[in-house]
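Colleague: Could you take me closely through the place where the two protein chains meet, and then show how the rest of the model is arranged around that part?

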Number of protein chains: 2
Amino acid sequence: MIKYSRQRESIKNFLSDRCDHPTAEIIYENIRKEYPNISLGTVYRNLSLLAELGEIKKISTDSGPDRFDGNIRPHYHFFCRNCGGVFDINMESINHINTIADASFHGSVEGHITHFYGLCAECLHNKDSACINSNSPESIKKEKNENSIDKPNHI
Amino acid sequence: MIKYSRQRESIKNFLSDRCDHPTAEIIYENIRKEYPNISLGTVYRNLSLLAELGEIKKISTDSGPDRFDGNIRPHYHFFCRNCGGVFDINMESINHINTIADASFHGSVEGHITHFYGLCAECLHNKDSACINSNSPESIKKEKNENSIDKPNHI
DNA sequence: ATAAATAATGATAACTGTTATTAAAATTAG
DNA sequence: CTAATTTTAATAACAGTTATCATTATTTAT
């Protein structure tokens with residue numbers, strides 16, 4: 001039996017107002033404004049529960065913390081390689097790729113998870129400017145490349 | 001300048017012989033047979049380096065450790081929801097989904113990462129038998145559902 | 001409305017997978 | 001062969017998340 005909790009309701013309401021797919025940490029910081037004593041564990045516990053109940057969706061990312069989405073209608077996500085932002089893409093169905101995959105696989109393909117990546121509108125327009133987010137995945141990678149690898153002799 | 005190391009070569013050779021996309025831990029256990037003193041950190045360091053050099057591919061999974069693939073030719077991956085196995089799918093290109101996404105997005109879609117899921121050939125054929133892998137994601141989820149949630153009153 | 005039963009909470013410890021640190025060993029250049 | 005530089009093994013630290021548990025909140029039964 002699941003019992004009501006105001007913390008859980010607050011988390012769900014918070015998510016339904018947002019479209020930026022916040023992390024558990026960000027949700028925690030925000031719910032604290034209403035419930036200053038809430039603990040991070042409670043946030044994680046309720047996010048998992050809500051996702052299991054199908055009331056929210058968990059977005060696993062390649063690196064960094066999971067993100068959460070209050071919008072459970074089917075849609076895709078875009079990850080900006082410059083600013084790290086996550087955006088919704090409401091596009092036509094591409095479920096036919098399941099059929100394509102199934103034709104080449106000995107087993108049954110039931111579904112897929114697809115993440116798109118590239119540059120978001122804002123980063124695309126600021127491409128040539130010096131105003132580049134210095135905490136972005138992009139600029140971190142740039143920095144790394146400068147300092148290190150030239151060309152391997154072996155391998 | 002990158003210098004040769006036998007540990008790195010051994011890791012690369014190990015991966016090129018496999019098609020089961022092992023984790024860093026499994027690679028570590030196997031390389032230890034040849035280099036008993038190798039440390040897990042060395043395995044991680046070289047896997048990251050090889051992936052950066054484009055000599056292997058890292059496969060990030062929704063939960064659990066990353067997996068690694070010695071096959072760098074473009075192909076897709078299938079995740080069995082019963083046994084947890086990861087399999088290759090060599091299918092026709094679905095790069096047109098980038099164009100579809102791009103048409104619905106203010107920004108530039110450069111690529112996608114797609115994971116397929118369902119039942120692998122073996123799990124599909126054993127579907128009705130009692131012989132189900134009791135450590136699988138599937139059976140763990142089943143167990144959880146038995147013990148807990150009935151139906152929420154609120155929310 | 002009150003008491004008993006049960007689930008959720010906050011505080012915190014523990015855990016998993018991974019990355020960083022560092023002195024010593026291996027590799028390469030001169 | 002020696003010096004310079006990279007890689008290593010050992011280990012600590014880290015991020016994100018899950019588990020533990022006594023107390024509090026919610027629900028059920030009386």
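Modeller: The part to begin with is the pairing between the chains, where strand 5 of chain A and strand 5 (residues 107-120) of chain B run antiparallel and are joined by 13 bridges. Strands here are DSSP runs of E with at least two residues, and helices are runs of H or I with at least four residues, both numbered from the N terminus; two strands pair if DSSP finds at least two bridges between them. Within this pairing, A:His115 has B:Ile113 in strand 5 of chain B as its bridge partner.

Please keep in mind that this is a predicted model, in which local features need pLDDT of at least 70 and side-chain atom pairs count only at pLDDT 80 or more, while totals for chains, interfaces and linings use all residues. Residues are numbered from 1 along each chain as its sequence is written, and chains are lettered from A and ligands numbered from 1 in the order in which they are written.

The contact as a whole takes 41 residues from chain A and 43 residues from chain B, where two residues are in contact if their C-beta atoms, placed from the backbone, lie within 7 Å. On the side of chain A that touches chain B, the elements giving two or more residues are helix 1, strand 3 (76-80), helix 4 (96-103), strand 5 (107-120) and helix 5 (121-125) of chain A. Strand 5 of chain A gives the most to this side, with 14 residues. By class, the side of chain A that touches chain B holds 23 nonpolar, 12 polar and six charged residues, with Ala, Val, Leu, Ile, Met, Phe, Trp, Tyr, Cys and Pro counted as nonpolar, Asp, Glu, Lys and Arg as charged, and the others, Gly among them, as polar. Because 100% of the interface residues of chain A are also interface residues in chain B, the copies meet through the same surface.

A turn of 180° with a shift of 0.0 Å along the axis lays chain A on chain B with an RMSD of 0.1 Å, the superposition being by least squares on the C-alpha atoms of residues with pLDDT of at least 70 in both. The two copies are thus related as by a two-fold rotation axis. Of the residues of chain A, A:Thr114 comes closest to that axis, at 2.1 Å (C-alpha).

The largest nonpolar core has 27 residues, of which A:Phe78 and B:Ala101 touch the most other members; such a core is a set of buried Ala, Val, Leu, Ile, Met, Phe, Trp, Tyr and Cys residues joined through C-beta atoms within 7 Å, and a residue is buried if 20 or more other C-beta atoms lie within 10 Å of its own, all placed from the backbone. At least two residues of this core come from each of strand 3, strand 4 (86-89), helix 4 and strand 5 of chain A, and from each of strand 3 (76-80), helix 4 (96-103) and strand 5 of chain B. Leaving aside its neighbours within four places in sequence, B:Ala101 is in contact with A:Tyr76, A:Ile89, A:Met91, A:Phe116 and B:Val109.

Next to consider is the strand pairing inside chain B, where strand 3 and strand 4 (residues 86-89) pair in the antiparallel sense over four bridges, and B:Phe79 has B:Val86 as its bridge partner in strand 4.

Conventions: A residue is buried if 20 or more other C-beta atoms lie within 10 Å of its own, exposed if 12 or fewer, and partly exposed in between; C-beta atoms are placed from the backbone.
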